Amino acid sequence: MSVNINNLSSKELADLIVEANKRKKVLAKRKPANQVKAAVAKFLKSTGWTFDELYGRSVAAKPAAAATTATAAPAAAPKARKSTKGRSLGKVAAKYQNPANGKETWTGRGKQPRWLAAETAKGKKLEDFLIK
């Protein structure tokens, strides 16, 4: 967050200082990150888990020697699906058509167009608009 203090009024600046002091107190109460990491590592070790096993890295990525020391190695986590963001699904032929305007069509994918939503809201069935 970047604030240009040159453009603040005296009241806005005073409010900002109050908020900054509150945040400073909250941060001062926190333990340092390295102490928290050490405490988490100690707890995980006492339970027999590793950070990598709990948070996404597969067991197969461990060295072979480390895997043999465990009495019962947990199964490898399934691979995560690749993101579909940006993936093209290809062209699909139109499935529905507006009887009032033949140029308005819909493939059945995604959100219904306004003309179809309005007609179905009036009580017509989706099947009434199928292209034959």
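## A walk around Trp 115

Leaving out neighbours within four places in sequence, Trp 115 is in contact with Tyr 96, Gln 97, Asn 98, Glu 104, Thr 105, Trp 106 and Phe 129; contact here means heavy atoms within 4.5 Å. The model is a predicted one, where local features need pLDDT of at least 70 and side-chain atom pairs count only at pLDDT 80 or more, while totals for chains, interfaces and linings use all residues. Residues are numbered from 1 along each chain as its sequence is written, and side-chain values use heavy atoms, with hydrogens and water left out.

Trp 115 also belongs to the largest nonpolar core, which has five residues: Tyr 96, Trp 106, Trp 115, Leu 116 and Phe 129. Such a core is a set of buried Ala, Val, Leu, Ile, Met, Phe, Trp, Tyr and Cys residues joined through side-chain atoms within 4.5 Å. Buried means under 20% relative accessible area, exposed means over 50%, and partly exposed lies in between (1.4 Å probe, protein chains only). Across the protein, buried residues make up 8% of the 132 residues.

Now for the overall layout. The protein has five helices and two strands, and along the sequence they follow the pattern α-α-α-α-β-β-α. These elements are DSSP runs numbered from the N terminus: helices are H or I with at least four residues, strands are E with at least two. Of the contacts between residues at least 6 apart in sequence, 19% join residues at least 24 apart.

On the outside, the protein exposes about 11900 Å², and carbon and sulfur atoms supply 57% of it. Accessible areas come from the Shrake-Rupley method with a 1.4 Å probe; for residues, only the protein chains shown count as cover. Val 36, Val 40, Trp 49, Phe 51, Leu 54 and Tyr 55 form a nonpolar patch on the surface, with about 600 Å² of accessible area together. Patches are made of residues with over 30% relative accessible area and no salt bridge, with like charges joined within 9 Å and nonpolar side chains (Val, Leu, Ile, Met, Phe, Trp, Tyr) within 5 Å. Helix H2 (33-47) and helix H3 (51-54) each supply at least two residues of this patch; Phe 51 sits in helix H3.

What about charged pairs? The structure holds four salt bridges, each a side-chain nitrogen of Lys or Arg within 4 Å of a carboxyl oxygen of Asp or Glu. Here are some of them.

| Salt bridge | N to O distance |
|---|---|
| Lys 11 and Asp 15 | 3.3 Å |
| Lys 22 and Glu 19 | 3.7 Å |
| Lys 124 and Glu 119 | 3.4 Å |

Asp 15 and Lys 11 are separated by about one helical turn because they are four residues apart in helix H1 (residues 10-29). Asp 15 is partly exposed at 40% relative accessibility, whereas Lys 11 is exposed at 56%. Lys 22 and Glu 19 are three residues apart in helix H1, so about one helical turn separates this pair. Glu 19 is partly exposed, at 47%.

Is Glu 119 buried or exposed? With 19% relative accessibility, Glu 119 counts as buried, while its partner Lys 124 is partly exposed at 43%. Salt bridges that share partners join Glu 119, Lys 122 and Lys 124 into one network. Glu 119 lies in helix H5 (residues 114-121). Not counting residues up to four places away in sequence, Glu 119 touches Lys 124 and Phe 129. Phe 129 brings us back to the start, as one of the residues in contact with Trp 115.
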